[in-house]
Amino acid sequence: MAPRIAVGQVVKRKAVIVKPDDTVHRIARILSRNKVGSAVVVKDDEIVGIITDRDILDKVVAKGRDPKDVKVEEVMTKNPVTIEDDYEVQDAIDRMMDKGIRRLLVTRFGKPIGFVTAADLLAALNTYASEAEEAAEEEPEPEADVYGICELCGQYGSLYKVYIEGGEKWICESCKDSLNL
């Protein structure tokens, strides 16, 4: 069963907010200073796009345009794919795969709170899986009662698996007690 982890628990990259009429040069400096790869473009309190380092590289630098002359709104990705922070990690993975994107903007009540990448989501699932495995190792499942014929005295009853004389034997409780096992 897939773990129930909310996307909001996984957000590591906080949303950096920029304006559509900012220059790409200014945004590149903001991204660099904040050590992030993308920013949310907000106008009148509404999310209108995102701009990523890839947008800047592909649409400005590679085309020989001057970043000081290009406005964010000219190169941003409009109507970015978002997910509310109370959705589950699996929903976010599905959405990213469906849309073929590498980053997902996480919102709370429609307001940007940060980004998650596929790597963030997979790491969260992986961490959950290893924690679940450790928990399972700490609490062994109680063994089901086994009934049958005791291999020592021949009585029918509840049996216990023991190792005696270099082999495995199924014996009853009284034989187990008498052998001090």
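Start by selecting Lys-59 and Asp-55 in this predicted model: their side chains form a salt bridge, with the closest N and O atoms 3.3 Å apart. Both residues sit in helix α2, four positions apart, which is about one turn of the helix. Now color by accessibility. Lys-59 is partly exposed at 31% relative accessibility, whereas Asp-55 is buried at 8%.

Stay on helix α2 and select Asp-53, then add Arg-103. Here is another salt bridge, and the closest N and O atoms are 3.6 Å apart. What does this pair tie together? Asp-53 belongs to helix α2 (residues 53–61) and Arg-103 to strand β7 (residues 103–108), so the contact links parts that are 50 residues apart in sequence. Asp-53 itself is partly exposed, its relative accessible area being 38%.

Next, follow strand β7 to Arg-108 and show Asp-85 with it. Their side chains meet in a salt bridge, at 2.5 Å from N to O. Arg-108 lies in strand β7, while Asp-85 is in the loop between β6 (82–84) and α4 (89–99), so this pair joins parts that are 23 residues apart in sequence. Is each partner buried or exposed? Arg-108 is partly exposed, with a relative accessible area of 42%; Asp-85 has 12% relative accessibility and counts as buried, since the cut-off for that is under 20%.

To finish, zoom out to the whole structure: a search finds six salt bridges there, among them the pairs Lys-59 with Asp-55, Asp-53 with Arg-103 and Arg-108 with Asp-85.

Conventions
Residues are numbered from 1 along each chain as its sequence is written. This is a predicted model: local features need pLDDT of at least 70, side-chain atom pairs count only at pLDDT 80 or more; totals for chains, interfaces and linings use all residues. Side-chain values use heavy atoms; hydrogens and water are left out. A salt bridge is a side-chain nitrogen of Lys or Arg within 4 Å of a carboxyl oxygen of Asp or Glu. Helices (H or I, at least four residues) and strands (E, at least two) are DSSP runs, numbered from the N terminus. Buried means under 20% relative accessible area, exposed over 50%, partly exposed in between (1.4 Å probe, protein chains only).
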